[in-house]
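Please read the following report alongside the sequence and the coordinates. It concerns strands, cores and a small number of individual residues.

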Amino acid sequence: DVNQCAYAPDGSMLATASDDNKVKVWSTATGSCFVTFTEHKAPVSAVTFAPSGHAVVSASLDGTVRAFDLMRYRNFRTLTSPEPAQFISLAVDPSGEVVCAGSQDTFQIHIWSMKTGRMLDILSGHQGPVTSLSFSPESALLASGSWDKSVRLWDVYEGRGQTDVLPHAHDVLAVAFRPDGKQVAVSTLDGQVFLWNPNDAQMQGTIEGRRDMAGGKV
């Protein structure tokens, strides 16, 4: 199974993460795979591109996050945690200098420097698997979603840790910042989408996605 896919910033490439332990990069113009990375030792759960588009980053249940150079086709950075962890979510900050991964077993978020490979911090607070991560394009905030029915906002750059908790009635499946950074969308297991203001942690609206789900629409 393909667990996740991601477009390169310029749309010319598509990366896929799959259960066969492989990361593949495809040309969107030809539909062909032009490189396969096989360094992971367990299913690859998440994948994303660095903002420059010159590297692809992947997270795996093998406890590693790997960065692959798309110029030389090599694994140039392997990020690991002090204790074993199964990573299922991933985000790279807008500068391309900070990498975060969320785990399904320790419920923590690990943060590394892309440049040095050094671990910068481990964020604790979630009580369930961390299923989704998203950086604000315009501020220091990282949003994390979890099966513990919450979204947490973290100040990653200043080291102030958790700033707010956004509670939900069902497990959180995905989080995403609006391109201007002024809103966070949260999807939950019951088919709802909630829209939050990340600056004051106030809900701004909801989308009744479960109505489309019940009708068989995509």
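The report takes up the sheets, then the cores, and then single residues.

This is a predicted model, in which local features need pLDDT of at least 70, side-chain atom pairs count only at pLDDT 80 or more, and totals for chains, interfaces and linings use all residues. Residues are numbered from 1 along each chain as its sequence is written, and side-chain values use heavy atoms, with hydrogens and water left out.

**The sheet of strands 1 to 4**

Four strands form an open sheet in the order 1-2-3-4, with antiparallel pairing; strands here are DSSP runs of E with at least two residues, numbered from the N terminus, and two of them pair if DSSP finds at least two bridges between them. Strand 1 (2–7) and strand 4 stand at the edges with a single partner strand each, so one side of each is left without a neighbour in the sheet. The twist from one strand to the next averages 20°, where axes are lines fitted to C-alpha atoms and angles run from 0 to 180 degrees between N-to-C directions. Strand 1 and strand 2 run antiparallel and are joined by five bridges, and cysteine 5 has threonine 16 in strand 2 as its bridge partner.

**The sheet of strands 17 to 20**

Another open sheet is formed by four strands in the order 17-18-19-20, again with antiparallel pairing. Its edge strands, each pairing on one side only, are strand 17 (172–177) and strand 20 (202–207), and neighbouring strands are turned against each other by 25° on average, direction ignored. The two pairings that involve strand 19 are set out below.

| Strand pair | Bridges | Residues standing opposite | Positive phi in the hairpin |
|---|---|---|---|
| Strand 18 and strand 19 | four bridges | Alanine 185 and leucine 195; valine 184 and tryptophan 196 | Glycine 191, near 90° |
| Strand 19 and strand 20 | five bridges | Asparagine 197 and glutamine 202 | Alanine 201, near 60° |

The hairpin of strand 18 and strand 19 has four residues between the strands, and the hairpin of strand 19 and strand 20 also has four. Strand 19 is mostly covered, with four of its five residues buried; buried means under 20% relative accessible area, exposed over 50%, and partly exposed in between, for a 1.4 Å probe and protein chains only.

**The nonpolar cores**

The largest nonpolar core has 15 residues, and those with the most contacts inside it are Val25, Phe37, Val47, Phe49, Val56 and Leu70. Such a core is a set of buried Ala, Val, Leu, Ile, Met, Phe, Trp, Tyr and Cys residues joined through side-chain atoms within 4.5 Å. At least two residues of this core are supplied by each of strand 2 (13–18), strand 3 (23–27), strand 4 (33–37) and strand 5 (44–49). A second, separate core has 14 residues, including Ala46, Val57, Phe87 and Met114.

Which residues does phenylalanine 49 touch, not counting residues up to four places away in sequence? With contact meaning heavy atoms within 4.5 Å, phenylalanine 49 touches Ala6, Tyr7, Ala8, Pro9, Met13, Leu14, Ala15, Val25, Ala55, Val56 and Leu70.

**Valine 23 and serine 113**

Valine 23 lies in strand 3 and is buried, because its relative accessible area is 0%. Apart from neighbours within four places in sequence, valine 23 is in contact with Thr16, Val35, Thr36, Phe37, His40, Val44, Val47, Ser58 and Phe68. The last of these, phenylalanine 68, is 45 residues from valine 23 in sequence, while the C-alpha to C-alpha separation in space is 9.5 Å.

Serine 113 is found in strand 11 (residues 109–113) and counts as buried because its relative accessibility is 11%. A polar atom of its side chain lies 3.3 Å from the backbone nitrogen of lysine 115. With neighbours within four places in sequence left aside, serine 113 is in contact with Leu79, Glu97, Arg118 and Leu120.

**The salt bridge**

The structure holds one salt bridge, a term that requires a side-chain nitrogen of Lys or Arg within 4 Å of a carboxyl oxygen of Asp or Glu. Arginine 178 forms a salt bridge with aspartate 180, the closest N and O atoms being 2.9 Å apart. Arginine 178 counts as partly exposed because its relative accessibility is 35%, and aspartate 180 is partly exposed with a relative accessible area of 31%.

How values were computed:
A polar contact is a pair of N or O atoms within 3.5 Å; within protein, one must be able to donate a hydrogen and the other to accept it, and residues adjacent in sequence count only if both atoms are side-chain atoms.
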